[in-house]
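Welcome to a short tour of one model, with helices, strands and their packing on the itinerary. Keep the viewer open as you read.

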Amino acid sequence: MPSHDLTPDEFRRIGYQVIDWIADYRSTVDQRRVQPDVAPGWVRARLPDKLPEHGEPFGQLLSDLDEVIVPATTHWQHPSFYGYFPGNASLASVLGDMLSGGLGVQGMLWSTSPACTELEQHVTDQLADAMGMPASFTTADGGGGMITEAASSANLVALLAALHRASPQWQDAGVDRSEVVYVSTHTHSSLDKAVRIAGLGANAVRVVDVDPTTGAMLPEALDAAIIADLAAGRRPVMVCTTVGTTSTGAIDPIRAIGEVCAPHGVWVHVDAAWAGVAAVCPEHQGMLDGLELADSICTDAHKWLLTAFDCTLLWTRRPRVLANGLAVAPEYLRNAASASGEVVDYRDWQIPLGRRFRALKLWATLRTFGLEGLREHIRRHVAMACELADWIRDDQTFELGAPPSLALVCLRVRTGRGVEADNEATRAVMERVNATGDAFLTHTVVDGRYLIRVAIGVPTTERHHIQALWQALQAAATA
Ligand code: PLP
């Protein structure tokens, strides 16, 4: 029976075509609309209903990519993409990802590929050091990091570890509905999902007030909430602090929150999905002040640290609690290395069993850029955001909607006719800019105020792109 796969020689030949295709795409992506102009169903209407009965030449896929896929793609690597948070996919990391696919490794256990586990330990240790994190989050000092697919998963894993610490009988008896999880009004929605998945129910979520100006969680409000819950016989399990909230980039004070939680043994998780990686720059490490009081922290290398999706980093000072909380040991996974206790089996640190060799693409990124390159990448965006914020401060039509944070700037139109009119005008401006296809922006609503978010973070974004965006915003406001 002949193999239908490509032979290594065919792979080499077609592989070069694929690399050429990606290189061409990246070098011309700035000539495309950032967001496609297609109606729902456009893609499916152009694809055959049935799978091919017989294998097809690979070249046909490449032409479908040009004709069907790219015209309906939102170009996250476009220099004028400012939506959500960035999804950096440096070409170095794309190659690293290819190598991972080429090795075809499944790293659920140390023994299913020692290199997969140990490289992951190594790069997470090195990155923790580069980000100025306390040594207690590294393997040398009893902690450790891992790579998972999303900050949402990391947040769920942290919650499960916290539940395990709060009540080790949780594994047998499940939750007893006395558990409380503390978030702020700005915490990412993945925490609501994590609470649901963990079976706690939305009633377990206590929403702590934030400072109205900075959007940061108020430690004294958290303290009062914990004390009230304890008095009512409830069990405070975890507080999720955020470094770089999704709406406005607000930064919760980890130290003060850690001090509130310490006497009660509440797990402190830091969700630094977007902003955390900026700590590779010493001048931004202050946002992690007090991290030694936290139990876990996650940040996404696939957002702003140049690594192709998916690459979330999760570190904990308490790997044993985390792994004991999730460990299951069916006979078919038992092996001598695991039994020796000398190795880490990352399947115990995550929800799925199987895992990709994600460390390779991160390693490719870190080695290609070097720390100097990573810092330059972050600093360029922060500098552009500062300049944009200055233009907004000096402007009559727009105003800042929140204090600028790193490379995130929130702005809104001021009409002088009240909040509703401002909201309507701001929404209209964003829609007009997006309709041109020249830039892509997304929004948030904070305290009833509609804000345009400008999340600067694509590696190819230059100052002239920000100038063009500013002109487009001005034009849209006067249209
Ligand atoms: N946490 C925060 C603060 C975020 O901003 C985001 C996404 O923007 C997430 C979590 C979810 O990230 P992921 O897509 O990696 O699950």
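## Packing around helix 11 and a four-stranded sheet

In this predicted model, the buried residues of helix 11 pack against strand 1 (144–148), helix 5 (151–166), helix 6 (170–173), strand 5 (267–271) and strand 7 (312–316). Helix 11 itself spans residues 319–326 and is mostly covered, with six of its eight residues buried. Those six are Pro-319, Val-321, Leu-322, Ala-323, Gly-325 and Leu-326.

Now let us turn to the sheet. Its four strands are arranged in the order 8-9-11-10, forming an open sheet with antiparallel pairing. Strand 8 (398–400) and strand 10 are the edge strands; each has a single partner strand, so one side of each lacks a neighbour in the sheet. From one strand to the next, the twist averages 40°.

What do the two faces of strand 10 look like, covered or uncovered? In a regular strand, side chains alternate between the two faces of the sheet. Strand 10 (residues 442–446) has Thr-442, Thr-444 and Val-446 on a covered face, while His-443 and Val-445 make up an uncovered one.

Strand 10 pairs with strand 11 (residues 449–455) in the antiparallel sense, over five bridges. One of the partnerships links Val-446 to Arg-449 of strand 11. The hairpin formed by these two strands has two residues between them, and Asp-447 there takes a positive phi near 50°.

Helix 13 connects this sheet to the next part of the tour: the helix lies across strand 8, strand 9 (408–413) and strand 11, running at about 20° to strand 9. Helix 13 (residues 359–393) also packs with helix 15 (residues 463–478) at an angle of about 25°, with their axes 10 Å apart. That angle makes helix 13 roughly parallel to helix 15, because angles under 35 degrees count as such. The crossing of the two helices is right-handed.

Which residues make the contact between helix 13 and helix 15? The table lists them by helix.

| Helix | Residues in the contact |
|---|---|
| Helix 13 | Met-384, Glu-387, Leu-388, Trp-391, Ile-392 |
| Helix 15 | Arg-463, Ile-466, Gln-467, Trp-470 |

Sorted by class, the contact of helix 13 with helix 15 has six nonpolar, one polar and two charged residues.

Key:
Residues are numbered from 1 along each chain as its sequence is written. This is a predicted model: local features need pLDDT of at least 70, side-chain atom pairs count only at pLDDT 80 or more; totals for chains, interfaces and linings use all residues. Side-chain values use heavy atoms; hydrogens and water are left out. Axes are lines fitted to C-alpha atoms, for helices over the stretch in contact, and angles run from 0 to 180 degrees between N-to-C directions. Angles under 35 degrees count as roughly parallel, over 145 as roughly antiparallel, 65 to 115 as roughly perpendicular and the rest as oblique. A crossing is left-handed if the near helix is turned anticlockwise from the far one by less than a right angle, and right-handed if clockwise. Contact means heavy atoms within 4.5 Å. Ala, Val, Leu, Ile, Met, Phe, Trp, Tyr, Cys and Pro count as nonpolar, Asp, Glu, Lys and Arg as charged, and the others, Gly among them, as polar. Buried means under 20% relative accessible area, exposed over 50%, partly exposed in between (1.4 Å probe, protein chains only). Two strands pair if DSSP finds at least two bridges between them.
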